[in-house]
Amino acid sequence: MNRVTQNLVLTLLGCAVLQISAFSTTYLNYVKPGFRPFLIGAGVVLVVLGIIGLVQSFRQKEASSGSDGETPAREPASYDLVPQGSAHGGSGVPASYDLASQGSAHGGSGDPAPWDGRAPGGEDHAHGHDHAHGGPRIAWLMCLPVFAIFLIAPPALGSFAASRDDTPAPRSQVLSAFTPLTGDGAVDMPISEFIGRAWDDDKKSLTDREVRLTGFVVPAKKKGQWYVTRMQIACCAADAFPLKVAVRGIEPPPTDTWVEVTGTWVPQTFGKMPNGVIYPQLSGRSLAKVAAPDEPYE
């Protein structure tokens, strides 16, 4: 992977982050709404760095091409042996010889061309090593998030994550005074609030009150019931935790279908909380299929 490709991948990665955060609500499938400004800022930084790197790479390439075109080619000089002070009158004294160049780089003046100590062709060899080497092949892994966002667009967590057998125990609820339920008719209520009122409200405010819960369908192992479920996150989808309410009296729609189920709370009859995870129950009266919300987590 050369410099141009690295910067191009960096730019595409920034564009992918901006696509899911600045121009759509897809980011809500992965993080809480409060992270949107940080995602937009990170995307802008990646795009700017990638564009700056691309501009610098093209400028270096143009400068390198220009310097290669201006460098004159040096022709190797040829040498002749020229006698100096030939023998006088057959005295038998051997003649001395001088090394003179022909067609030297000094305009043919006869002076030998200076030697810089490099072997012929050394200029080309050294020039070849001036080019920057490519990055490691593992850098291609940066393309995976780009392909995942543009081609796959993973959805929000659903029934598969919510129906795991190794689901941990519910998080401890913050005990506080619940506001009284006023008005007539069904009360729209988050699943987390319904669970809190079912277990922690000493005044039993859910008794005989009709509530409406929104979530997706998760099948239950126990016959005659299913779960209306919502995932709760503290930061991102990696720490997601399922909030479930067992629905009785209504046939379940297909798994992962988003529904609004209306019914009343079924008080538990046991005196002491048994071991394990116990979900509150809802006696369903009506059900309607709805579109998945833009913000799928609570």
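Which residue in E7 does Arg 212 stand opposite? Keep that in mind as you open this predicted model; the tour will come back to it shortly.

**The whole chain**

Start with everything shown as a cartoon. The protein chain has six helices and eight strands, and along the sequence they follow the pattern α-α-β-β-α-α-α-β-α-β-β-β-β-β. Of its 298 residues, 30% are buried. Among contacts with a separation of 6 or more, 64% join residues 24 or more positions apart.

**Stop 1: strand E4 and its partners**

Select residues 210-219, which form strand E4, and colour them so you can follow each neighbour in turn.

- Add strand E3, residues 187-188: this strand pairs with E4 in the parallel sense, over two bridges. Zoom in on Asp 188 and you will find its bridge partner in E4, Arg 212.
- Now add helix H6, residues 191-200. E3, H6 and E4 together make a right-handed β-α-β unit.
- Next, show strand E7, residues 258-266. E4 and E7 are antiparallel and paired over seven bridges. Here is the reply to the opening question: Arg 212 stands opposite Thr 262.
- Finally, bring in strand E5, residues 225-232. E5 runs antiparallel to E4, and four bridges join the two. To see one end of this pairing in detail, pick Pro 219, whose bridge partner in E5 is Trp 226.

While you are at the E4 and E5 hairpin, look at the five residues between the strands; Gly 224 has a positive phi near 90°.

**Stop 2: the nonpolar cores**

Switch to side chains. Select Met 189, Phe 194, Leu 206, Leu 213, Val 228 and Val 245, the residues with the most contacts inside the largest nonpolar core, which has 22 residues. H6, E4, E5, E6 (241-248) and E7 each supply at least two residues of this core. A second, separate core of 12 residues includes Phe 216, Trp 258, Tyr 279 and Tyr 297.

Then centre the view on Leu 213. Setting aside residues up to four places away in sequence, Leu 213 touches Met 189, Pro 190, Ile 191, Phe 194, Val 228, Val 245, Val 259, Glu 260, Val 261 and Leu 282.

**Stop 3: along strand E5**

Which residues does Thr 229 contact beyond its neighbours within four places in sequence? Select Thr 229, in E5, and look around: Ala 162, Ile 191, Gly 215, Phe 216, Val 218, Pro 242, Leu 243 and Lys 244 are in contact with this residue. Thr 229 counts as buried because its relative accessibility is 0%.

Move along to Met 231, also found in strand E5. Is Met 231 buried or exposed? At 1% relative accessibility, Met 231 counts as buried. Outside its neighbours within four places in sequence, its contacts include Leu 157, Ala 161 and Ala 162, along with Phe 216, Ala 240, Phe 241 and Pro 242. Pro 296, Tyr 297 and Glu 298 are also in contact with Met 231. For a distance to draw in the viewer, join the C-alpha atoms of Met 231 and Gly 158: they are 8.0 Å apart in space, with the residues 73 apart in sequence.

**Last stop: rings**

Select Tyr 227 and Lys 244. Lys 244 lies over the face of Tyr 227, 5.0 Å from the ring centre. If you would like to hunt for aromatic pairs as well, a search of the whole structure finds three.

Methods: Residues are numbered from 1 along each chain as its sequence is written. This is a predicted model: local features need pLDDT of at least 70, side-chain atom pairs count only at pLDDT 80 or more; totals for chains, interfaces and linings use all residues. Side-chain values use heavy atoms; hydrogens and water are left out. Buried means under 20% relative accessible area, exposed over 50%, partly exposed in between (1.4 Å probe, protein chains only). Contact means heavy atoms within 4.5 Å. A nonpolar core is a set of buried Ala, Val, Leu, Ile, Met, Phe, Trp, Tyr and Cys residues joined through side-chain atoms within 4.5 Å. Two strands pair if DSSP finds at least two bridges between them. A crossover is right-handed if, with the strands pointing away from the viewer, the path from the first strand over the helix to the second runs clockwise. Rings of Phe, Tyr and Trp (its six-membered ring) pair if their centres lie within 6.5 Å; planes under 30 degrees apart count as stacked, over 60 as edge-to-face and the rest as tilted. A charge sits over a ring if NZ of Lys or CZ of Arg is within 6 Å of the ring centre and within 35 degrees of the ring normal.
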